[in-house]
Amino acid sequence: MNRGLYRFALLVACATFFLIIAGALVTSHDAGLATNDWPLSNGQVFPKMVGNLFWEHGHRMVATTVGLLTIGLVVFLFAKEKRRWVRRLGLLALLGVIAQGLLGGLTVKLSLPLAVSAAHATLAQLFFCTTVSLAVFTSRSWMVSRPLLEERAGLPLRYICTAAAATIFLQLIIGATLRHSATWDKPLPTDLLLTHIGGAVAVTLLLGSATLLVLRRYRDEPLLTRPAMVALALLIVQLSLGLAAYVVRAASPNDPQPLNPMVGVTVAHVACGALVFATTIVLTLRVFKVLRPCEQALKFSAATQQG
Amino acid sequence: MSMKQTKVWLILMIALSLLGLASACSKAPEGTSDNNAPTTTGKAYTAKGNEGTITGTIAYNGAAPAPKKIDTSADPVCGQKSPNLATEDNVVTNGKLEYAFVYIKDGATADGTKVGDYTFTAPSDTVTLDQSGCHYKPHVMGAMVNQKLNITNSDPTQHNIHFTPKNNPDWNQSQPNGAPALTHSFARSEVLVPVKCNQHPWMKAYVGVLKHPFFAVSAEDGTFTIKGVPPGTYTVAAWHEGGANGTEKTMSVTVPASGSAKADFAFGEGATAAGAPGLEMMPAIEVPVIGHH
Ligand code: HEM
Ligand SMILES: [Cu+2]
């Protein structure tokens, strides 16, 4: 248990959240190609950051900072962390941030093809979720030994939470695809938009039932109720932001340029989406940590391992 | 404890990634259309001296949407040079529309040969797209297939010229202040190729690319002239930007030998001449090129 390590992991996670906002600002400002150069911007390390280059180059600088912080975290982990699997997770994060930088460069070099841009946005969420998990694994609450709670009967929470996290991840990918292929001057709603709204319904059902079940069954377990409450609140905010994003985007095709209300709402929707994902991951990890699988779940996993 | 957690975490991550991968794969990017080399079959066109002209006026009925003011504060240089930039999608003066792109879309010369069956060589002179005051001049222009397009930067700031065609490769190039002119050309016809600057997101222009030289852009008073048209009967199209693909109207005209034909178009309210609004941006004559990819 190392308090400094936890704090540093938390710092990396927060910096990554800021990086997601910086990246979303690039997309909303349509600034992804403000320079066709990479890794330098117009052959310079510090170009004059005017126009959209402010967003594009700013994002690169925040990303560089996060990359350096991640290297720092890995060094810290290898110095202080005894659990090999946590150290390995740190290495995975480092790999992730490197891949992310390369994907970012690739998408600039290829003039933002949908697949690469969407992959960059998706890997961003995975990297964020890895840094959040590292913070969870190095936290005090994770490491103190505590009695396990019995899963109450019924559908085991671990499955519901995992399904919720997986569905949110899918929803993030659909959202990224939507944002990077956006044609808001076509008749609305487009198929992709409908898919995303369908995904929102699925996420609401799964995450809604996961959090409500936690709040009902384990009301005295703050380790579970806290992330559950936060996730539920964020989900409601996220749904409203999604609706707002739709409204402002639909009204935007005749705008002379990306305007602040549209930029603000869409960036908030991306950022809140990352937070919903991260809290759901925290909740899921803690459910696995705190709850002992009930009979049913044991039987189920035994059956799947045999079959 | 630790082993179990690793496993759980890994399984979670693997499941998530697989799901992600599956969905990413099912959404393969579209729009990477054919790579066919442009076809250059057909007989070379030679002027016979009896060519005529097509002239006309583009009207705009009713009140046009007012130009919107552009906020250039993101780059101070822009505001200094052009403090009053506004959108140019509907430039209407006295009911006449500027920046409509008019071209021969189809038809045949008097001897029955389709325009599309001729080959025309691109002129050696270049056409110029200038960036001045964080604004493209002109806003709409035409060029022939393979004709050199000169891109100049007259501003003390950097621009980024980004052509986003559907039928030609994407092209994106930064041009710092003081940099020499860039040149570009298009190998396939396309009406029209959008141009934007990713540095100054309000900068927009269009280039109509055709295999033949029979095109024009309406002037401030709405008039246009297409010169050197061989006698024949043609479908003439007028295109005006707006929406995803712009609006195109067509009409049939007959150009007499050494004579002139008239093609007046109207956009705006109740202007339902030939052609439906929201028509697809089709490459003028190379029709078979798209449609299948
Ligand atoms: C749990 C629910 C939701 C989640 C987790 C979610 C997540 C996301 C994410 C992550 C993006 C952007 C991805 C990126 O750029 O990387 C996005 C885009 C978008 N979402 Fe959602 N979303 C949710 C619900 C909704 C709802 C209910 C609507 C609308 C009715 C909506 C409308 C949109 C729109 C319009 C965009 C594109 C914004 C743009 O073009 O800038 N979302 N979503
Ligand atoms: Cu520019």
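**Two chains, one ligand: a walk through a predicted model**

Let me begin with charge, because a single count opens the story: between chain B and chain A there is 1 salt bridge, a pair whose N and O must come within 4 Å to qualify. I should say at once that this is a predicted model, and that the values I give are computed from it.

The partners in that salt bridge are A:Asp30 and B:Lys196, and their closest N and O atoms are 3.0 Å apart. On one side, B:Lys196 sits in strand E14 of chain B, and on the other, A:Asp30 sits in the loop between H1 and H2 of chain A, so this pair joins two chains. Counted over all chains, the total comes to 6 salt bridges.

Please stay with A:Asp30 for a moment, since its backbone deserves a remark as well. Most residues other than glycine have a negative phi. A:Asp30, however, has a positive phi of about 55° although it is not a glycine, and the loop that holds A:Asp30 runs between helix H1, residues 3-28, and helix H2, residues 53-80, of chain A.

Now let us step back to the whole interface. How many residues of chain B are in contact with chain A? There are 39 residues of chain B in contact, and they meet 46 residues of chain A. The size of an interface is often given as the accessible area lost when the parts come together. For chain B and chain A, the buried area is about 3,600 Å², and carbon and sulfur atoms give 63% of that.

Besides the salt bridge, we can look at polar contacts, and across this interface there are 9 residue pairs in polar contact, with both residues at pLDDT 80 or more. On the side of chain B that touches chain A, the elements giving two or more residues are helix H1 (2-26), strand E11 (159-163) and strand E12 (171-175) of chain B. Of these, H1(B) provides the largest share, 12 residues. Sorted by class, that side of chain B has 14 nonpolar, 17 polar and 8 charged residues.

Let us turn to the ligand. Which residues are closest to ligand 1? Of the 23 residues that surround ligand 1, the closest are A:Arg179, A:His196, A:Arg249, A:Thr266 and A:His269. A polar side-chain atom of A:Arg179 lies 2.6 Å from an oxygen atom of ligand 1. For A:His196, an N or O atom of the side chain is 2.8 Å from a nitrogen atom of the ligand, and for A:His269 the distance from a side-chain N or O atom to a nitrogen atom of the ligand is 2.8 Å.

The elements of chain A that give two or more residues to this shell are helix H6 (157-180), helix H7 (191-217), helix H8 (222-250) and helix H9 (260-290). H8(A) gives the most, with 7 residues. By class, the shell around ligand 1 has 14 nonpolar, 7 polar and 2 charged residues.

Back in chain B, I would like to show you a covalent link. Over all chains the count is 1 disulfide, formed by B:Cys78 and B:Cys134, whose sulfur atoms are 2.0 Å apart. With -70° about the S-S bond, this link is left-handed. Because B:Cys78 lies in helix H2 (residues 76-81) and B:Cys134 in the loop between strand E7 (127-131) and strand E8 (136-137), the disulfide ties together parts of chain B that are 56 residues apart in sequence.

Finally, a word on peptide bonds, most of which are trans. The bond from B:Lys137 to B:Pro138 is cis, with omega near -5°, and B:Pro138 is found in the loop between E8 and strand E9 (140-144) of chain B. A cis peptide bond also joins B:Val191 and B:Leu192, with omega about -5°, and here B:Leu192 belongs to strand E14, residues 190-197, of chain B. That strand E14 is also where B:Lys196 lies, which brings us back to the salt bridge with A:Asp30.

Key: Residues are numbered from 1 along each chain as its sequence is written. Chains are lettered from A and ligands numbered from 1 in the order in which they are written. This is a predicted model: local features need pLDDT of at least 70, side-chain atom pairs count only at pLDDT 80 or more; totals for chains, interfaces and linings use all residues. Side-chain values use heavy atoms; hydrogens and water are left out. Contact means heavy atoms within 4.5 Å. Buried area is the accessible area (1.4 Å probe) that two parts lose on being put together, summed over both. A salt bridge is a side-chain nitrogen of Lys or Arg within 4 Å of a carboxyl oxygen of Asp or Glu. A polar contact is a pair of N or O atoms within 3.5 Å; within protein, one must be able to donate a hydrogen and the other to accept it, and residues adjacent in sequence count only if both atoms are side-chain atoms. Helices (H or I, at least four residues) and strands (E, at least two) are DSSP runs, numbered from the N terminus. Ala, Val, Leu, Ile, Met, Phe, Trp, Tyr, Cys and Pro count as nonpolar, Asp, Glu, Lys and Arg as charged, and the others, Gly among them, as polar. A residue is near a molecule or strand if one of its heavy atoms lies within 4 Å of it. A disulfide is a pair of cysteine sulfur atoms within 2.5 Å.
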